[in-house]
Amino acid sequence: MRCAGGDSGGGFITPAGQGQGVVSGGNTATCYFQPLGEILSRYGLSLLTG
């Protein structure tokens, strides 16, 4: 995955459309993100799908 300026805070989504987390930084070669499970756990949240 690649990141560009302004991507921080956006969703990190696989090519198949699966949410993985929130972008926290990177560049055109690497993209860093906070995993979705860690975010949900930290704030006591759950994700409803369907």
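1. Start with the contacts. Among contacts in the chain between residues at least 6 apart in sequence, 17% join residues at least 24 apart. A contact here means heavy atoms within 4.5 Å. Bear in mind that this is a predicted model, where local features need pLDDT of at least 70, side-chain atom pairs count only at pLDDT 80 or more, and totals for chains, interfaces and linings use all residues. Residues are numbered from 1 along each chain as its sequence is written, and side-chain values use heavy atoms, with hydrogens and water left out.

2. Next, the outline of the chain. The chain has 1 helix and 3 strands. Read from the N terminus, the elements run β-β-β-α. Both kinds of element are DSSP runs, numbered from the N terminus: helices are H or I with at least four residues, strands are E with at least two. The C-alpha atoms fill a box of roughly 30 × 25 × 15 Å, taken along the principal axes.

3. How much of the chain is buried? Buried residues make up 14% of the 50 residues. The cut-offs are these: buried is under 20% relative accessible area, exposed is over 50%, and partly exposed lies in between, with a 1.4 Å probe and protein chains only.

4. Now the sheet. The 3 strands form an open sheet in the order β1-β2-β3, with antiparallel pairing. β1 and β3 are the edge strands, and each pairs on one side only. Neighbouring strands are turned by 55 degrees against each other on average, direction ignored. The axes behind that angle are lines fitted to C-alpha atoms, for helices over the stretch in contact, and angles run from 0 to 180 degrees between N-to-C directions. Two strands pair if DSSP finds at least two bridges between them.

5. Take the β1 and β2 pairing. These strands are antiparallel and share 3 bridges. They form a hairpin with 5 residues between them. In the turn, G17 has a positive phi of about 90 degrees. One bridge sets F12 against its partner G21 in β2.

6. Then β2 and β3. Strand β2 covers residues 19–26, and 5 bridges join it to β3 in an antiparallel run. This is also a hairpin, with 4 residues between the strands. Look at who faces whom. G21 stands opposite P35 in β3. V23 stands opposite F33. G26 stands opposite C31.

7. Which two residues form a disulfide? They are C3 and C31, with sulfur atoms 1.8 Å apart. C3 lies in the segment before β1 (11–13) and C31 in strand β3 (residues 31–35), so the disulfide ties together parts that are 28 residues apart in sequence. The structure holds 1 disulfide, a term that means a pair of cysteine sulfur atoms within 2.5 Å.

8. Stay with the two cysteines. C3 counts as buried, at 6% relative accessibility. C31 is buried as well, with a relative accessible area of 13%. Leaving out residues up to four places away in sequence, C3 touches V23, G25, G26, N27, T28, T30, C31 and Y32. C3 and G21 are 18 residues apart in sequence, and their C-alpha atoms are 14 Å apart in space.

9. Aromatic rings come next. A search of the whole structure finds 1 aromatic pair. Why is this pair called stacked? The rings of F12 and F33 have their centres 4.0 Å apart and their planes at 10 degrees, so the pair is stacked. F12 lies in strand β1 and F33 in strand β3, so the pair ties together parts that are 21 residues apart in sequence. The rule covers rings of Phe, Tyr and Trp (its six-membered ring): centres must lie within 6.5 Å, planes under 30 degrees apart count as stacked, over 60 as edge-to-face, and the rest as tilted.

10. Are the two rings equally covered? F12 is buried, with a relative accessible area of 11%. F33 counts as partly exposed, at 30%. 

11. One charge sits over a ring. R42 lies over the face of Y43, at 5.4 Å from the ring centre. The test asks for NZ of Lys or CZ of Arg within 6 Å of the ring centre and within 35 degrees of the ring normal.

12. Last, a residue in the segment before β1. G5 is found there. Is G5 buried or exposed? At 80% relative accessibility, G5 counts as exposed. G5 and G50 are 45 residues apart in sequence and 32 Å apart in space, C-alpha to C-alpha.
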